[in-house]
Amino acid sequence: MSVKNTAPRSSTRSSSRPANRSSKGSTPVKRPSTSARRAAETAPERTGSAFRPVGKAVTGMFSAVGDLARPKGAEHRPKEEPEKPTTKTEEPVTTEESPDNDSPRRHDGIALVLLGLAAIVGASVWMDIAGPIGAAIATGVHVIIGAGAFVLPVVLVALAIALMMDIHPPRAVQGRVALGAVLIVVGMLGLIHLFAGDPDAWAERQQAGGAVGAFVGGPLALGFSTFVAVPLLILVIVYGALRVTGITVKELVDLIGEHLRGDGSEKDSDESYDEYADVDRELDDIAEGRSPTRRRRRPSPRPRRTPMENYPPDETARAAEPSLFDEPLDVEEEDEPGTGAAAAKGADTDTMPAVKKPEPKKPAPKQPATDAVANSREQMRQAIIARSGIDPSAVPAATPKSEEETEAPQPEARKPESSDDYTPPSTDLLIPGEAPKTRTEANDRAIEAITDVFAEFKVDAQVTGFSRGPTVTRYEVELGPGVKVSKITNLQPNLAYAVATDNVRLLAPIPGKSAVGIEVPNADREMVRLADVLNSPSVVGNHDPMLIGLGKNIEGEFVSHSIQKMPHLLVAGSTGSGKSAFVNALLVSLLTRATPDEVRLILVDPKMVELTPYEGIPHLITPIITQPKKASAALQWLVEEMEQRYLDMKSARVRHIKDFNAKVRSGEIEAPPGSEREMRPYPQIVCVVDELADLMMTAPKEIEDSIVRITQKARAAGIHLVLATQRPSVDVVTGLIKTNVPSRLAFATSSLTDSRVILDQAGAERLIGMGDALFIPQGAGKPKRLQGAFVTDEEIQAVVDAAKEQAEPHYTEGVTEDKEAEAKKDIDEDIGKDMDDLLEAVELVVTSQFGSTSMLQRKLRIGFAKAGRLMDLMESRGVVGPSEGSKAREVLVKPEELETIIWMIKGADPAEAPKGVELDDDTAATNDAEHDSDGEQAETRTVSATYNPTSGAV
Ligand SMILES: Nc1ncnc2c1ncn2[C@@H]1O[C@H](COP(=O)(O)OP(=O)(O)OP(=O)(O)O)[C@@H](O)[C@H]1O
């Protein structure tokens, strides 16, 4: 229950009543004040006894005394009462409150009257010196309360003192206390009466329980016997005591138990663990109408790690960023976007409301102290502090790691290994970003909201710090002892509601910390510029030409990753989530770090517009591909290129293209004599597909085959795929593609299913778009959240121009030619319709190395005549030797040459065959001999027969 909540409830009530009244057409009725009414309603209900009239009468008396005693304006009504709407239709609660006009002098007067009465009664009953009137009064008192008359003066003096000192129970409990007191008195008098022997004579009764004792004890003794009546009356007294003290029997037993155990220490009490116990009690007090007695907050037995130990204070940022409750600072006017300095820098023309530069603020007028909004904020803040003891503006913010990084000395930048005449465009062409914010009003507001949720749901947890990333802030929450983490995770919808976003993500725990992370999107997000990422010391100091700037993580740390380590990447996200921005960041990173000798590109852009700015850069192997068919051909070309590289690596006895390149550079590998081939280091190849879905629609089988073949083994060959799609459905990102593309980058997806397809887990559907991403590099289990780096079209243009100025692209021919279609044109006439069967037969014979006609019959389920014909066709093409009667024919083609022979049977130019092998009988025989005798020579033969697909470009 909260103070905040009670106000609306009372106002609801009050708003409904006038309607009722008006419907009856009656005038406003007198009603007791809220708390008195509540007490009067509840006390009799709880007793459920015959004491109701007595209770009511005494309640009235206490109430009246209380009212009389209460100084004007000092009534103890619940805090929220003054906030109740006091419109004309409001019930006239003030009619009962009229005695409030009494002055303190008046209840002093009543106290003196009580003292006088006490003196009279005391003088007469104790000493019999009050004269005849006094004696009459004494007799009267004795008749009513018997021996109780001896105590009455003391009670009257006590009442008088209480009146004068303004000590009285809160109004809400007055009825309860009065009833309890009456029960005790009546019970006692009854007991005295019984212990006096249940006298009948009034003279004796005056010395026993008086009329009250006789009327209570007498009938009981008569009805049940004294033995039953005595315990019954004791029970009445106990009940009265409970009413007066307001505790329950259980609490009493607990209290006694605690004392008996002798460990009154607060350790065992739940309350000692409950940081909010005092606050709860206060709130209960207020709700029940008691004055909220402020108890001193016990120091928490749990030594909480202070937030300051976790985070160095960021005084400068604190000073620069006013908290929600600080006086507004005068903000210096900034340039309008597109004017002045911003325009001179060629500032970003991309308009993005959430991340664009802050609007130039008008000089804020100093808020008057009485400002209603400021007041209500302050009240809310105080309520939160009262409940949780946490001041949002005191929660420390972590310094963004990027800021710590820049303090380190700048390492030496990389120099390209190869080109003397080509220098990659400088990152100075890119626009640097603004310094990251450490804390803003939005953060304070979110801390308040989170703290409020914990208080509302009575969860012992508190925000101990936060780190602000560009898009999202992660609030660190520490739990009290014994609090389940699930208590926080179950609160996710409420937290989302409190911070007014559905994109709250919970990390339980934050990796490496004993704290739960609550990631809340920043209402005032910041843009991450690629320039900042590429100029960060960690990127500058890294000499990998394929390192790309990805963005910034939630701790404000720059994130970069090498494409070589990916080695293939799947990028997915719904439209507008930031995929193209990422592809741009990737390409600009490569352009600013790698020469065309080091990295070559194949760009596939089925959307036709996304990658157009890169047209004509020297890194391209082929012009930007926009047709899916050509893309499919280019992927097949990549497969051949990969096979070729593997052959070269094999012949050079190296396992990675880097080692092959090193050998070429050192002159260890040379083109064989007579070969026209010039040995040059192979460049790394990156193939970027901007929309995989378009390709998969055209030729799903071929595309999937090529992708799978490349991704399975192209890592060592220096060929890398980056596949982007906005439709990560299972027909686009097939199981085979998924298993072979190990690195994933997910931008906001439109559904949980899409997130599962791309990340194999949920999460991407909760991202907030515009570059907010989850990245799983190869081998990493948990995705890392980051804000993608952004480059504007102007920056891209500047870098592309700088690259184009230095070199022309040298396109390799035939990359996008559909070789299979062309090959089909020259099919031998004698093969005719048997092409498919022949190819199957060749594959069977070559892989099994068994040239038997009956085997063909069996496996291909064909007749003898057809099997014989296929065997003859194979003989004429040098696959098998001549017939040797009933023996199987000799197989002349080795399994590793299968592809080439199939290639040739299909009718392609043998010179373009992917593997170098001469297929006329003589050469085949010679080759076999070479293989057998001299492995080294055999490999030289392979090299000599191969071609270098990228050689046209190098
Ligand atoms: N990293 C980023 N930082 C800031 N803004 C970004 C970022 N990425 C994208 N945006 C904003 O989001 C808009 C859409 O981004 P982008 O064009 O990259 O989306 P997309 O996923 O490629 O969409 P589509 O698939 O429709 O092409 C951009 O114009 C830009 O304003």
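Here are legends for a few close-up views of this predicted model.

**View 1. The whole chain, before zooming in.**
Let's start with the full chain, which runs to 954 residues, 48% of them buried. Its secondary structure adds up to 38 helices and 14 strands. Take the contacts between residues with a separation of 6 or more: 70% of these link residues 24 or more positions apart. As for the surface, the chain exposes about 46800 Å², and 56% of that comes from carbon and sulfur atoms.

**View 2. The shell around the ligand.**
How many residues surround the ligand? There are 19, and the closest are Thr-575, Gly-576, Lys-579, Ser-580 and Gly-788. Sorted by class, the shell has ten polar, five nonpolar and four charged residues. Two elements, helix α24 (579–593) and strand β14 (784–788), each bring at least two residues to this shell. Which element gives the most? That would be α24, with three residues.

**View 3. Polar contacts with the ligand's oxygen atoms.**
Now zoom in on the atoms themselves. Lys-579 uses its side chain here: one of its N or O atoms there sits 2.8 Å from an oxygen atom of the ligand. With Ser-577, it's the backbone that takes part, through an N or O atom 3.2 Å from a ligand oxygen. Ala-581 also joins in with a backbone N or O atom, this one 2.8 Å from an oxygen atom of the ligand. And how much of the ligand does the protein bury? On its own the ligand would expose 620 Å², and the protein buries 82% of that.

**View 4. Helix α26 and its buried residues.**
Here we turn to another part of the chain, helix α26, which covers residues 657–665. Four names to look for are Ile-657, Phe-660, Asn-661 and Val-664, the buried residues of this helix. Why do they line one face of α26? Looking down the helix axis, the buried residues fall within an arc of 100°, so they end up along one face. Among the parts of the chain that cover these buried residues is helix α25 (628–651).

**View 5. Just past the end of α26.**
Follow the chain onward from the helix and you'll come to a glycine. After α26 comes Gly-667, and its phi is positive, near 80°.

Methods: Residues are numbered from 1 along each chain as its sequence is written. Side-chain values use heavy atoms; hydrogens and water are left out. A residue is near a molecule or strand if one of its heavy atoms lies within 4 Å of it. A polar contact is a pair of N or O atoms within 3.5 Å; within protein, one must be able to donate a hydrogen and the other to accept it, and residues adjacent in sequence count only if both atoms are side-chain atoms. Accessible areas come from the Shrake-Rupley method with a 1.4 Å probe; for residues, only the protein chains shown count as cover. Ala, Val, Leu, Ile, Met, Phe, Trp, Tyr, Cys and Pro count as nonpolar, Asp, Glu, Lys and Arg as charged, and the others, Gly among them, as polar. Buried means under 20% relative accessible area, exposed over 50%, partly exposed in between (1.4 Å probe, protein chains only). Contact means heavy atoms within 4.5 Å. The arc is that of the directions from the helix axis to the C-beta atoms.
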